[in-house]
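Hi everyone, thanks for making room for me today. Let me put the structure up on the screen before I start talking.

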Amino acid sequence: MLFFLDMKFPKCLSVNPDFSLLFLQVICNGFTISNGEMQEVGVGLYPSMSLLNHSCDPNCVIVFEGPNLFLRAVRNIQLGEELTICYLDVLMPSADRQKQLKEQYCFDCDCPLCRTQSKDADMLAGEEQAWKEVQGSLKKVEDLQSHQKWEQVLAICQTLINNYGDRLPDRNIYQLKMLDCAMDACINLGLWEDALLYGSRTLEPYRLYYPGFHPVRAIQVMKVGKLQQHQGLYPQALETLKQAFELMKMTHGRDHSLAEDLMLLLGDCEATLQVA
């Protein structure tokens with residue numbers, strides 16, 4: 001069952017108990033359907049997959065091919081080990097993850113990442129006043145993104161990145177999200193050189209927060225490789241696209257349409273280098 005709807009809490013819940021139950025079931029059990037660029041396009045109910053429990057450091061990931069959902073293992077799984085997925089965006093400090101899980105799913109996470117809070121120091125690195133201001137601007141930037149107001153998105157991102165570049169490292173999650181938004185804005189505006197500059201800065205933080213194999217990281221590396229290829233940086237592009245393919249073989253599988261697109265890019269890049 002697929003839904004294409006606004007997931008904000010509707011006013012009718014207070015007067016329609018039947019709809020309230022349905023809506024809450026979707027909130028707790030629905031999967032966000034994403035396209036090849038990991039952009040949200042809808043919500044679907046997949047009953048068997050709803051049985052999977054959460055971990056902030058899961059051994060499986062969910063990927064989509066159209067409305068079809070696939071469960072992919074991203075590391076070796078021991079006999080008898082529980083299969084887990086992550087219910088939320090991992091680019092959140094432990095306290096924020098716990099808050100969202102409690103509010104939306106009514107449980108406390110006890111995974112190793114939450115117990116140790118091992119990545120929080122990196123996520124909130126830099127001057128607190130600076131990252132709080134960047135954090136406060138993210139909602140406006142994301143709203144402008146949703147309305148495709150790319151010039152305004154880029155203007156805000158560039159101002160914040162330039163103002164706080166010496167006070168926030170790229171691994172700070174709010175700085176990282178600004179870099180990501182700036183890259184997407186530049187791509188949509190055809191500013192390829194700037195897009196590559198911002199995208200390249202995200203690769204090391206993505207490796208830190210999405211270690212091993214993760215579809216979000218695979219797609220990010222692919223984006224940067226495509227930008228390098230577009231700029232004529234073929235040796236660098238070849239290495240980056242190879243890295244993306246190694247990730248995507250695990251996260252999506254060789255038969256996924258995105259992996260097939262990536263193989264075509266690799267072939268084009270290799271052919272160009274051979275001619276040169």
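I'll go from the overall makeup to the cores, then a helix pair, some salt bridges, and a few individual residues.

First, a reminder that what you're looking at is a predicted model. The chain has 276 residues, and 43% of them are buried. In terms of secondary structure, we have 11 helices and 7 strands. If you take the contacts in the chain with a separation of 6 or more, 58% of them are between residues 24 or more positions apart.

Okay, the cores. The largest nonpolar core has 36 residues, and the members touching the most other members are V153, C157, M178 and Y198. Which helices feed into this core? At least two residues each come from α5 (128-146), α6 (150-164), α7, α8 and α9. Of these, α7 gives the largest share, with 10 residues.

Let's zoom in on Y198. If you ignore its neighbours within four places in sequence, Y198 is in contact with L154, Q158, I161, L179, A182, M183 and C186. Apart from that big core there's another one, of 17 residues, and I219, L258, L262 and L265 are among them.

Now rotate round to α10 and α11, please. Helix α10 covers residues 234-251 and helix α11 covers residues 257-275; their axes are 10 Å apart and the packing angle is about 155°. Anything over 145 counts as roughly antiparallel, so α10 is roughly antiparallel to α11. As for handedness, the α10 and α11 crossing is left-handed. Who makes the contact? From α10 it's Y234, P235, A237, L238, L241, K242, A244, F245 and M248, and from α11 it's L258, A259, L262, M263, L265, L266, C269, E270, T272 and L273. You'll have spotted L258, L262 and L265 in there, which I also listed for the 17-residue core.

On to salt bridges. How many does a search of the whole structure find? The count is 12, and I'll walk you through three.

Start with R75 and D57, where the closest N and O atoms are 3.6 Å apart. This pair links distant parts of the chain, 18 residues apart: R75 is in the loop between β6 (68-73) and β7 (84-85), while D57 is in the loop between β4 (53-54) and β5 (60-65). Both ends are loop residues, then. R75 is partly exposed, at a relative accessible area of 36%, and D57 is partly exposed too, at 38%.

Next, D89 with K177, with the closest N and O atoms 3.8 Å apart. Here the two partners are 88 residues apart, with D89 in the loop between β7 and α2 (94-105) and K177 in helix α7 (residues 173-189). So that's a link between a loop and α7, the helix that supplies the largest share of the main core. D89 has a relative accessible area of 35%, so it falls in the partly exposed class.

The third is D110 with R115, closest N and O atoms 3.7 Å apart. Is this pair buried or exposed? D110 counts as exposed, at 54% relative accessibility, and R115 counts as exposed as well, at 52%. The cut-off for exposed is over 50%.

Now some backbone details. Q117 isn't a glycine, but its phi is positive, about 50°. You'll find Q117 in the loop between α3 (112-116) and α4 (120-123), and it's partly exposed, with a relative accessible area of 45%. Q148 is another non-glycine residue with a positive phi, this time near 55°. Q148 sits in the loop between α5 and α6, and at 58% relative accessibility it counts as exposed.

Last residue: H214. Where is H214? It's in the loop between α8 (192-209) and α9 (215-230). Despite being a loop residue, H214 is buried, and why does it get that label? Its relative accessible area is 19%, and buried means under 20%. Leaving out residues up to four places away in sequence, H214 touches V61 and T251.

That's my tour, and I'm happy to spin the model round for anyone who wants another look.

Conventions: Residues are numbered from 1 along each chain as its sequence is written. This is a predicted model: local features need pLDDT of at least 70, side-chain atom pairs count only at pLDDT 80 or more; totals for chains, interfaces and linings use all residues. Side-chain values use heavy atoms; hydrogens and water are left out. Helices (H or I, at least four residues) and strands (E, at least two) are DSSP runs, numbered from the N terminus. Buried means under 20% relative accessible area, exposed over 50%, partly exposed in between (1.4 Å probe, protein chains only). Contact means heavy atoms within 4.5 Å. A salt bridge is a side-chain nitrogen of Lys or Arg within 4 Å of a carboxyl oxygen of Asp or Glu. A nonpolar core is a set of buried Ala, Val, Leu, Ile, Met, Phe, Trp, Tyr and Cys residues joined through side-chain atoms within 4.5 Å. Axes are lines fitted to C-alpha atoms, for helices over the stretch in contact, and angles run from 0 to 180 degrees between N-to-C directions. Angles under 35 degrees count as roughly parallel, over 145 as roughly antiparallel, 65 to 115 as roughly perpendicular and the rest as oblique. A crossing is left-handed if the near helix is turned anticlockwise from the far one by less than a right angle, and right-handed if clockwise.
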